[in-house]
Amino acid sequence: RPKLYRLCTLEQELGMAAMFFAAAVRQEGLDAAQRASPSPWQPLTEAATLLRRAAGVYAHAAEALLPRLKPNLAPERPAELLESMALAMAALCLADAQFLVADHADAKGSSSRLVASLYAAASGKYEEAAQTLKGALMDFNRISDRLMRAIALGSSVASARAWATWASYMMEGEEEDMGAALACADVAVGKVERCKLICEADPQWKEGCATELGWARQVQRRLESENSIVHFKKRAAK
């Protein structure tokens, strides 16, 4: 059931308007990302640009508009008028944009090392968003459970892709390390297994999670098969 709040001043209305504008730009970016295809890449580039723009609006609200509102907010207040929410949303938008950059680099055939680093950076921004919210729990009357699960899902998927891509990198060049590659693939599968738990409460996410798990297990099985035929290495310690 929607929760209704009363805004008491023009400054509160301005702060809420800025947050709504940022949310609208973010949604436009997510919509553009859904339209993206491997070629051409314009929709994906547009999506990343829009997400960064939304992050900028959230950051501006957190720095210039919301801090002075907090002392006069009623006990029952919308989360959108709190600096911590704006900072978390700015980090989330940057995480989503970074994830798209990593996808783009992977599809272009960039080096496994670069792609893994880009996904790891995206996971780090998701974690920043999560920690910002967790560190300010006393600010909020309530936080959307779906938002928290979306952040956790983004972090897990980005991290899983980073580990799986790093597993491939460990088998490139002259210094192959099958033991380390297998360990990285195991971590990737474990990260996506965590996604299954996150998605249980949201059926719309289950299909995407199943696809990610299938891809991670495919990497794991490919390495295991190669190891059983060629390398005969033990898994490295995780």
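**Figure 1. Helix α1 and its buried residues in the predicted model**. Helix α1 covers residues 10–35, a run of 26 residues. From its first C-alpha to its last, α1 reaches 37 Å, close to the 38 Å expected at 1.5 Å a residue; the expected span is 1.5 Å times one less than the number of residues in the helix. Helices are DSSP runs of H or I with at least four residues, strands are runs of E with at least two, and both are numbered from the N terminus. The buried residues in α1 include Gln12, Gly15, Met16, Ala18, Met19 and Ala22. Val25, Arg26, Gly29 and Ala32 of α1 are buried as well. Here buried means under 20% relative accessible area, exposed means over 50%, and partly exposed lies in between (1.4 Å probe, protein chains only). An α-helix has 3.6 residues a turn, so residues three or four places apart point the same way.

This is a predicted model, in which local features need pLDDT of at least 70 and side-chain atom pairs count only at pLDDT 80 or more, whereas totals for chains, interfaces and linings use all residues. Residues are numbered from 1 along each chain as its sequence is written, and side-chain values use heavy atoms, with hydrogens and water left out.

**Figure 2. The protein chain as a whole**. The protein chain has seven helices and zero strands, and its elements run α-α-α-α-α-α-α from the N terminus on. The C-alpha trace spans about 70 × 35 × 30 Å along its principal axes. Of the 238 residues in the protein chain, 45% are buried. Contacts, defined as heavy atoms within 4.5 Å, are considered here between residues at least 6 apart in sequence; 72% of these join residues at least 24 apart.

**Figure 3. Packing of helix α3 against helix α4**. Two packed helices are described by the angle between their axes and the distance between the axes. Helix α3 (residues 83–108) and helix α4 (residues 112–134) pack at an angle of about 165°, and their axes are 8 Å apart. This angle makes α3 roughly antiparallel to α4. The residues of the contact between α3 and α4 comprise 19 nonpolar, three polar and five charged. In this division Ala, Val, Leu, Ile, Met, Phe, Trp, Tyr, Cys and Pro count as nonpolar, Asp, Glu, Lys and Arg as charged, and the others, Gly among them, as polar. Axes are lines fitted to C-alpha atoms, for helices over the stretch in contact, and angles run from 0 to 180 degrees between N-to-C directions. Angles under 35 degrees count as roughly parallel, over 145 as roughly antiparallel, 65 to 115 as roughly perpendicular and the rest as oblique.

**Figure 4. Methionine 89 and alanine 102 in helix α3**. Methionine 89 is buried, with a relative accessible area of 11%. Leaving aside neighbours within four places in sequence, methionine 89 is in contact with Arg26, Tyr58 and Leu147. The C-alpha atoms of methionine 89 and alanine 129 are separated by 6.7 Å, although the two residues lie 40 residues apart along the chain. Alanine 102 also counts as buried, at 0% relative accessibility. With neighbours within four places in sequence again set aside, alanine 102 is in contact with Val115, Leu118 and Tyr119. Alanine 102 and valine 187, 85 residues apart in sequence, are 19 Å apart in space from C-alpha to C-alpha.

**Figure 5. Packing of helix α6 against helix α7**. Helix α6 (residues 178–199) and helix α7 (residues 203–231) pack at an angle of about 160°, with 9 Å between their axes. The two helices α6 and α7 are therefore roughly antiparallel to each other. Their contact residues divide into 15 nonpolar, three polar and eight charged.

**Figure 6. Helix α7, its buried residues and the segment that follows**. Helix α7 has 29 residues and reaches 41 Å from its first C-alpha to its last, close to the 42 Å expected at 1.5 Å a residue. Among the buried residues of α7 are Trp205, Cys209, Glu212, Leu213 and Ala216. The buried residues of α7 pack against α5 and α6. Phenylalanine 232 is found in the segment after α7 and has a positive phi of about 55° although it is not a glycine. At 61% relative accessibility, phenylalanine 232 counts as exposed.

**Figure 7. Surroundings of arginine 149 in helix α5**. Arginine 149 lies in helix α5, which covers residues 145–169. Arginine 149 is buried, with a relative accessible area of 16%. Apart from neighbours within four places in sequence, arginine 149 is in contact with Ile198, Ala201, Asp202 and Trp205.
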